[in-house]
Amino acid sequence: MDVDIVCVGFGPATAGFLSTLSQQLVNPDGTPAVESTAAPGLPLQVLCYERADDLGFGVSGVVTKARSLRATFPDLDPAQIPMAAAVGEERMVYLLDPHGASRRSLAMRAADTMIRACRWALPFERQALKLPWTPSFLHKHGGLVLSMGQFMQWAGARVQSTGTVQIWPGTPVSQALIEKDRVVGVRLLDQGVDKKGRPTDGFTAGMDIHAALTVVGDGPVGAIGQQLDVNFDRPPGHHVRDWAVGMKFVVDLPADTPLKPGTVWHTFGYPEPEIFGFLYVHPDRVASLGIFVPSWFDSPVRTAYRYLQHWMLHPCLWHYLQGGKLRSWGAKSLGESGRRGEPHLVGDGYARIGEGSGSTNVLTGSGVDEAWATGTQLAGAVLELLKAKKSFTKQNLEAAYVQRRRTSWLESESIAAEKSRDGFQKGFLRGMIGMALAGLTNGTLSWPGNPPPPWKRIPTVEEYYRGRIAARVLDRIREECKARSSSLHGALMDQAGWPAIPFDGQLLVSHQDALLMGGKVQAPPGYADHVTFLDPELCQTCGTRICIEACSGQAITPGENGVPNFDREKCVHCGACYWNCSRPLAYDPERMNIAFRAGTGGLHSAEN
Ligand SMILES: Cc1cc2nc3c(=O)[nH]c(=O)nc-3n(C[C@H](O)[C@H](O)[C@H](O)COP(=O)(O)OP(=O)(O)OC[C@H]3O[C@@H](n4cnc5c(N)ncnc54)[C@H](O)[C@@H]3O)c2cc1C
Ligand code: SF4
Ligand code: SF4
């Protein structure tokens, strides 16, 4: 099939692109403003393919300054968007460890002792210190608390109501079509295949869609972005070594909650110092809350789910959450390398937008506004080129799109953020100081540090628990978990002093229940596995098997001969396994031993 523009993924970046483009494709008298080259005589033919089974199922994001959203929708009224509220009270909270189970440095322990000793003079309550002020670079004044899923459904409906653009959910793009270094369109995923992609009854080969421009907005772990990175490489010195796994609950707060819609809290210090938390309140007593587990948390058992529950149980948060009920749950990874992770933004026949193009700002903790802005900038560029009857060459896209991006707030803010988190490579306290320095000096100062490839910094279980769990106890735990064919993290956390989670069937539920109740995960039959282990020998000799420990959906489990099993039915497409694998490929030390390809299914909730 031939079209003019094909888009991969319907996240905030593509929504920004299509919302801007679709408003300008038809003249007020109904005639096409730009004529199609693929179908002469007709309006521009624009298609968008989204992997997830419905719009808003594959995204996340909650609080945003909404600058670029408001630029696209000047009349934006939060009351018209489900779960949207204007940002109200903003608060930063340092959480102390009520159990003594977290891994804190001596300096942090000393600081905690001081805080506890001076508690009478401080805003200290329920084992938490409320910071007297929120740094200005973190403020979201004038912004919105959103459910990104709900917002994407709202934005998608507006785009489609123009009648100028088609969006197809449940349709993963399997690869970009590349001819002589020019992207000429995309191929959709084969259907009617077995787990390994071999044709079975009802086989239908993925359709080829040819387009003059392919817009790649497939997020931080998109298969098409990865393919372009391999094919065209990254600009010299650029790499994606910083990322985080975000895991989140959407909950009904208790009936008597004092928390007002628009409340925005950020926490740090617990359950481990490196893990940041957030709680944002929507209208009607609904809250989104969760944690980020970053790449610089040097643990070989980075399990987000159990840590999320300990975080919720912290007295400061549990005070507000007790009696609440789980509505939905989800996990997704974030590319946090920003400018350093920028790929080639354009090439002949393609342009990249959104988080996969390095837009997320780790200093301000903001990705939605930035992703949306890249989409609107590309739309402006595309309209300019179409009206000037110029083709989508690398040179023309550089001049029209990349130039717009380089001269916008996006660029200046991403320069300020570039080195802001480098200090975390040297420890938590230095990281916090580095962020404050970068934030307060607009990036002029920061704490120096050089992020290594993530696999280089994953210690062995023995190294991580040295001094806390004896080697013979570790051996015993390993044997017991092996016999049960279960992951290690639960047993290790129990041994390290973390209390058991008091499941209540409402808010504190097992990981499996969260998948069913909260994520409503589904995977249609007839598709190949999208997570595969590239070199089984590397798995056989792998000391950490961190892919099993870190899997957000318990979709990766111990397998025979040391090679893990993957269960597509449980996968939430978060991409954590792709980032977390501890073994690099011999031929490319920036890539690890897991392939994360395009796939169907995953979360079936648009609240995330
Ligand atoms: C838990 C969590 C909380 C967050 N909170 C905030 C916040 O409060 N504020 C904020 O500003 N940002 C937040 N972010 C970051 C924000 O969500 C991202 O920066 C933003 O969503 C990036 O938008 P995007 O369009 O570039 O990519 P994505 O949102 O990742 O969208 C990409 C889309 O492409 C689809 N896709 C991928 N591959 C294919 C394929 N092969 N074929 C078809 N479709 C495909 C995906 O399903 C997805 O819908 C949060 C992120 C997480 C994980
Ligand atoms: S995928 Fe990576 S982390 Fe998992 S077992 Fe294989 S080498 Fe180890
Ligand atoms: S297997 Fe699926 S759920 Fe598990 S970490 Fe990988 S992408 Fe996430």
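**Exercise 1. How are helices α1 and α4 oriented with respect to each other, and what fills their contact?**

*Solution.* Start with the outcome: α1 and α4 come out roughly parallel to each other. This is a predicted model, so treat each number below as a property of the prediction.

Step 1: get the geometry. Helix α1 covers residues 12–22 and helix α4 covers residues 148–161; they pack at an angle of about 25°, and their axes are 10 Å apart.

Step 2: apply the cut-off. Angles under 35 degrees count as roughly parallel, and that is why α1 and α4 get this label.

Step 3: add the handedness. The crossing of α1 past α4 is left-handed.

Step 4: list who touches whom. From α1 come Pro12, Ala15, Leu18, Ser19 and Ser22, and they meet Met148, Met152 and Val159 of α4. Sorted by class, this contact has 6 nonpolar and 2 polar residues, with no charged ones.

**Exercise 2. Helix α1 also meets α8. Which residues make that contact, and which way does the crossing turn?**

*Solution.* Step 1: check the axes. Those of α1 and α8 come within 7 Å and cross at roughly 35°.

Step 2: read off the hand. Here α1 passes α8 in a right-handed crossing.

Step 3: go through the residues. On the α1 side you'll find Pro12, Ala13, Ala15, Gly16, Phe17, Ser19, Thr20 and Leu21. Facing them in α8 are Val368, Ala371, Trp372, Thr374, Gly375, Thr376, Leu378, Ala379, Val382 and Leu383.

Step 4: classify. The tally for α1 with α8 is 12 nonpolar, 6 polar and no charged residues.

**Exercise 3. How do α8 and α9 pack, and how many charged residues does their contact hold?**

*Solution.* Step 1: α8 (residues 368–387) packs on α9 (residues 394–406) at an angle of about 145°, with the axes 9 Å apart. The crossing is right-handed.

Step 2: α8 contributes Thr374, Gln377, Leu378, Gly380, Ala381, Glu384 and Leu385, while α9 brings Asn396, Leu397, Ala400, Tyr401, Arg404 and Arg405.

Step 3: by class, the contact of α8 with α9 has 6 nonpolar, 4 polar and 3 charged residues.

**Exercise 4. Which strands stand at the edges of the 3-stranded sheet, and of the 8-stranded one?**

*Solution.* Step 1: write down the smaller order. The open sheet of 3 strands runs β3-β8-β4, with antiparallel pairing. β3 (63–64) and β4 (85–86) each have a single partner strand, so one side of each lacks a neighbour in the sheet.

Step 2: zoom in on one pair. β3 and β8 (residues 144–145) are joined by 2 bridges, and Thr64 has Leu144 in β8 as its bridge partner.

Step 3: do the same for the 8 strands. Their open sheet has the order β6-β7-β5-β16-β17-β18-β15-β19, with mixed pairing. Its edge strands are β6 (124–125) and β19 (325–335), each pairing on one side only.

Step 4: check one inner pair. β15 (residues 243–252) and β18 (residues 286–294) run antiparallel with 9 bridges between them; Asp252 is partnered there with Val286.

**Exercise 5. In which sense, parallel or antiparallel, does β14 pair with β1, with β11 and with β21?**

*Solution.* Step 1: β1 (residues 2–8) runs parallel to β14 (residues 208–216), with 6 bridges. Val3 is bridged to Ala211.

Step 2: β11 (residues 182–188) runs antiparallel to β14, joined by 3 bridges. Arg187 stands opposite Asp208.

Step 3: β21 (residues 350–352) pairs with β14 in the parallel sense over 3 bridges, and Thr214 finds its partner in Tyr350.

**Exercise 6. Which residues surround ligand 2, and which are the closest to ligand 3?**

*Solution.* Step 1: around ligand 2 sit Phe533, Leu538, Cys539, Cys542, Ile546, Cys547, Pro564, Cys581, Ser582, Arg583, Asn593 and Ile594. Helices α16 (536–540) and α17 (546–550) each supply at least two of the shell residues. The shell splits into 9 nonpolar, 2 polar and 1 charged.

Step 2: ligand 3 is surrounded by 14 residues, the closest being Cys551, Cys571, Cys574, Gly575 and Cys577. That shell has 10 nonpolar, 4 polar and no charged residues.

**Exercise 7. Where is the cis peptide bond from Tyr270 to Pro271, and where is the positive phi of Ala66?**

*Solution.* Step 1: the cis bond from Tyr270 to Pro271 has omega near 15°, and Pro271 is placed in the loop between β16 (264–268) and β17 (276–281).

Step 2: Ala66 has phi near 65°, positive although the residue isn't glycine. Ala66 lies in the loop between β3 and α2 (67–72).

Note on methods:
Residues numbered from 1 in each chain as written. Chains lettered and ligands numbered in written order. Predicted model: local features only at pLDDT ≥ 70, side-chain atom pairs only at ≥ 80, totals over all residues. Heavy atoms only, no water. Pairing = 2+ DSSP bridges. Helix = DSSP H or I, 4+ residues; strand = E, 2+ residues; numbered from the N terminus. Axes fitted to C-alpha atoms, helices over the stretch in contact; angles between N-to-C directions. Parallel < 35°, antiparallel > 145°, perpendicular 65-115°, else oblique. Left-handed = near helix turned anticlockwise from the far one by under 90°. Contact = heavy atoms within 4.5 Å. Nonpolar A, V, L, I, M, F, W, Y, C, P; charged D, E, K, R; others polar. Near = heavy atom within 4 Å.
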